[in-house]
Structure formats: structure tokens, C-alpha cells
Amino acid sequence: MTASSHIAPTPLAERSCGTCTLCCRLPDIDALAKPANAWCQHCTQGQGCRIYDARPQLCRDFLCLWRTDAALDDAWEPARARMMIYRQGPQITVLVDPDVPEIWRQAPYLSTLQGFAREGDDGQYVIVFAGDAVFRVE
Ligand code: SF4
Ligand code: SF4
């Protein structure tokens with residue numbers, strides 16, 4: 001993730017991260033010299049950040065789309081979907097758990113992503129990162 005992806009959104013009150021720590025694993029985070037799909041050195045998997053009070057601003061500001069957009073229902077809860085989504089301008093980015101790299105092709109995920117790709121009045125498009133592979137959803 002880059003700083004440009006971290007425009008502080010408003011979280012939905014009824015949703016919380018719970019034990020999900022996917023955004024501490026799936027993205028590359030320059031500020032932490034963390035490559036994609038590697039656990040952040042400060043994360044305890046399934047529990048959270050060990051440097052919570054001192055975590056970078058990037059981490060403070062980030063919320064995935066499921067935390068802020070009611071259009072993504074419970075099937076998209078990242079810990080359940082095994083993927084996380086966020087927006088960067090017109091790009092909707094989907095980061096898939098490399099342990100289940102094909103899950104985004106399954107129902108209900110693919111049809112929803114195709115719907116996002118077809119809504120592209122403002123040039124919106126959808127890119128999926130799954131392991132070392134990158135796909136544009138059509
Ligand atoms: S991926 Fe979303 S739900 Fe999971 S920890 Fe990050 S912000 Fe929370
Ligand atoms: S510093 Fe903390 S919040 Fe940020 S990626 Fe690492 S474990 Fe997650």
C-alpha cells in the first residue's frame with residue numbers, strides 16, 4: 001500500500017476487524033519495508049499489532065472497503081472471504097490470501113467484482129493480486 005491509498009474513510013459502526021489481520025499480511029507496505037504476502041514483523045497473527053500505540057500513520061488511517069462500504073455484505077468480511085479490498089482512485093484493488101489463490105473466482109465474489117468493473121462510469125476498474133499473479137476483472 002502507498003500513502004495515497006490511506007484517505008481516512010468513515011467506518012461502519014456495526015463492523016470491526018475482530019481477529020482479522022489480513023491487512024498486516026497481504027499488502028506491501030513501504031513504510032515498514034514489508035513485501036506483499038509476508039506477515040508484518042509487528043503482527044501477532046489473529047490477534048493484532050504488538051506496536052499498536054506506535055504503529056505508523058499509514059496503519060492508523062487504513063480501513064479496507066468492507067469496513068466502510070455496506071454494499072459489501074458479510075460474505076466479504078476479509079477473514080471469511082480470505083481477501084481484502086480497497087480503493088485507490090478509480091482502481092479497486094483485491095488482495096487474495098495466497099493460500100487460497102482461486103477463491104476470488106468463486107461465488108459470490110467474481111460476480112460482484114465483475115459488477116464493480118462494469119460500473120466504470122468514472123473509469124473504475126478492478127485488479128486482483130493472487131500470489132504472484134495479477135488479473136484485471138472484465
Ligand atoms: S483487512 Fe479489513 S477487516 Fe481485516 S484487519 Fe484489515 S481493515 Fe480490518
Ligand atoms: S505495524 Fe501493526 S498495524 Fe501496521 S502492518 Fe504491522 S502489525 Fe499491522
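User: Let me start with one residue: is Tyr86 buried or exposed?

Analyst: Happy to walk through it. This is a predicted model, and in it Tyr86 has a relative accessibility of 7%. Buried means under 20% relative accessible area, so Tyr86 counts as buried.

User: Which residue forms an aromatic pair with Tyr86, and how do I read the geometry?

Analyst: Look at the angle between the ring planes: over 60 degrees counts as edge-to-face. The structure holds three aromatic pairs. In one of them, Phe62 meets Tyr86 edge-to-face, with 5.6 Å centre to centre and 85 degrees between the planes. Phe62 sits in the loop between α1 (57–61) and α2 (65–68), while Tyr86 belongs to strand β3 (residues 83–88), so this contact links distant parts of the chain, 24 residues apart. Phe62 is buried too, at 8% relative accessibility.

User: What kind of pair do Trp104 and Phe135 make?

Analyst: Here the intermediate class applies: planes that are neither under 30 degrees nor over 60 degrees apart count as tilted. The ring centres of Trp104 and Phe135 are 5.1 Å apart with the planes at 40 degrees, so this pair is tilted. Trp104 lies in the loop between β4 (91–96) and α4 (109–118), and Phe135 in strand β6 (residues 133–136); the two are 31 residues apart. As for exposure, Trp104 is buried at 4%, whereas Phe135 is partly exposed at 26%.

User: Which charged residue lies over the face of Phe135?

Analyst: For an arginine, check where CZ stands relative to the ring centre and the ring normal. Arg105 lies over the face of Phe135, 4.7 Å from the ring centre. You can find another such arrangement at Tyr52, where the charged end of Arg55 sits over the ring at 3.7 Å from its centre.

User: Phe135 brings us to β6. Which strand pairs with β6, and in what sense?

Analyst: To read strand pairing, follow the bridges between two strands and note their direction. β5 and β6 are antiparallel, with four bridges between them. Within that pairing, Ile127 is opposite Arg136 in β6. The two strands form a hairpin with two residues between them, and Gly131 there has a positive phi near 65 degrees.

User: How many bridges join β5 to β4?

Analyst: Six bridges connect β4 with strand β5 (residues 125–130), and these two strands run parallel. A good place to look is Ile92, which stands opposite Val126 in β5. Put together, β5 has a parallel partner in β4 and an antiparallel partner in β6.

Key: Residues numbered from 1 in each chain as written. Chains lettered and ligands numbered in written order. Predicted model: local features only at pLDDT ≥ 70, side-chain atom pairs only at ≥ 80, totals over all residues. Heavy atoms only, no water. Phe/Tyr/Trp six-rings, centres within 6.5 Å; stacked < 30°, edge-to-face > 60°. Buried < 20%, exposed > 50% of the residue type's maximum accessible area, 1.4 Å probe, protein only. Lys NZ or Arg CZ within 6 Å of the ring centre and 35° of its normal.
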